[in-house]
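Got the viewer open? Let's take a walk through this one, one selection at a time.

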Amino acid sequence: MSGPDKPKVIGEEWSDERVKSFLAITPYDSNINPDFNALIKAYQAMIAEDFDRFVGFFVEAGRDLNAVDENGETILDLVSRHRRSTAYAETLRKAGAKTMAEAGN
């Protein structure tokens, strides 16, 4: 038998607690920036509206929107390369995120 054990759920509403739970995600590798890791995991898992809420909680918690990955790129660098992620990029920019070039890295 192949495929997932459970069918994909579409249109599921995420509670604030579930969205905030991504703040506690830790990287498997100590060389990965924990702030970048939390942002990328949230970006990969959430629809744009939930990601917008997450970014608010992230900033409120004093986390770094301009944290970089092992290549020196910010989450905005990565998201900006994805054609269908304009809403995510707008959320990040609105919250103060910058690209690597804008941050002067």
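How many salt bridges does the structure hold? There are 6 of them. Keep in mind as you click around that this is a predicted model.

**Stop 1: the charged pairs**

Select Arg53 and Asp16 and show their side chains. They meet in a salt bridge, with 2.7 Å from N to O. Arg53 belongs to helix 3 and Asp16 to helix 1, so this pair ties together parts 37 residues apart in sequence. Colour by accessibility and Arg53 comes out as partly exposed, since its relative accessibility is 26%. Asp16, at 35%, also counts as partly exposed.

Next, pick Asp35 and Arg63. Here the salt bridge has an N to O distance of 2.4 Å. It links distant parts of the chain, with Asp35 in helix 2 and Arg63 in the loop between helix 3 and helix 4, 28 residues apart. Is Asp35 buried or exposed? It counts as buried, because its relative accessibility is 15% and the cut-off for buried is under 20%. Arg63 is partly exposed, with a relative accessible area of 22%.

Now go to Asp52 and Lys94, whose side chains form a salt bridge at 3.2 Å, N to O. Asp52 sits in helix 3 and Lys94 in helix 5, so the pair ties together parts 42 residues apart in sequence. Asp52 is partly exposed at 28% relative accessible area, while Lys94 is exposed at 65%. Before you move on, add Asp50 to the selection with Asp16 and Arg53: salt bridges with shared partners join these three residues into one network.

**Stop 2: zoom out**

Switch to cartoon. The protein chain has 6 helices and 0 strands. Of its 105 residues, 36% count as buried. Among contacts with a separation of 6 or more, 59% are between residues 24 or more positions apart. If you draw the accessible surface, you are looking at about 7000 Å², with 50% of that belonging to carbon and sulfur atoms.

**Stop 3: the rings**

Show the aromatic side chains. A search of the whole structure turns up 6 aromatic pairs. One of them is Tyr43 with Tyr88, an edge-to-face pair with centres 5.0 Å apart and planes at 90°. The two partners come from distant parts of the chain: Tyr43 is in helix 2 (residues 34–45) and Tyr88 in helix 5 (residues 86–95), 45 residues apart. Both Tyr43 and Tyr88 are buried.

Then select Phe54 and Phe58. Their ring centres are 5.6 Å apart and their planes are at 45°, so this pair is tilted. Both residues lie in helix 3 (residues 48–60), separated by 4 residues, about one turn of the helix. Phe54 is buried, with a relative accessibility of 0%, and Phe58 is buried with a relative accessible area of 0%. Add Phe51 to Tyr43, Phe54, Phe58 and Tyr88, and you have a cluster linked by ring pairs.

Two more rings have a charge over them. The charged end of Arg18 sits over the ring of Trp14, 3.9 Å from its centre. Over the face of Phe57 you'll find Lys20, at 4.8 Å from the ring centre.

**Stop 4: the nonpolar core**

Which residues touch the most other members of the largest nonpolar core? Select Met46, Phe51, Phe54, Ile75 and Leu92; the core itself has 26 residues. Helix 2, helix 3, helix 4 (75–80) and helix 5 each give two or more residues to this core. Centre on Met46 and hide its neighbours up to four places away in sequence: what remains in touch with Met46 is Trp14, Val19, Phe22, Phe51, Phe54 and Tyr88.

**Stop 5: two threonines**

Find Thr91 in helix 5. Thr91 is buried, with a relative accessible area of 8%. Setting aside neighbours within four places in sequence, Thr91 is in contact with Phe51, Asp52 and Val55.

For the last click, jump to Thr26, in the loop between helix 1 (16–20) and helix 2. Is Thr26 buried or exposed? Thr26 is exposed, with a relative accessible area of 61%. Draw a distance to Ala38: the two residues are 12 apart in sequence and 7.1 Å apart in space, C-alpha to C-alpha.

Notes
Residues are numbered from 1 along each chain as its sequence is written. This is a predicted model: local features need pLDDT of at least 70, side-chain atom pairs count only at pLDDT 80 or more; totals for chains, interfaces and linings use all residues. Side-chain values use heavy atoms; hydrogens and water are left out. Rings of Phe, Tyr and Trp (its six-membered ring) pair if their centres lie within 6.5 Å; planes under 30 degrees apart count as stacked, over 60 as edge-to-face and the rest as tilted. Buried means under 20% relative accessible area, exposed over 50%, partly exposed in between (1.4 Å probe, protein chains only). A charge sits over a ring if NZ of Lys or CZ of Arg is within 6 Å of the ring centre and within 35 degrees of the ring normal. Contact means heavy atoms within 4.5 Å. Accessible areas come from the Shrake-Rupley method with a 1.4 Å probe; for residues, only the protein chains shown count as cover. A nonpolar core is a set of buried Ala, Val, Leu, Ile, Met, Phe, Trp, Tyr and Cys residues joined through side-chain atoms within 4.5 Å. A salt bridge is a side-chain nitrogen of Lys or Arg within 4 Å of a carboxyl oxygen of Asp or Glu.
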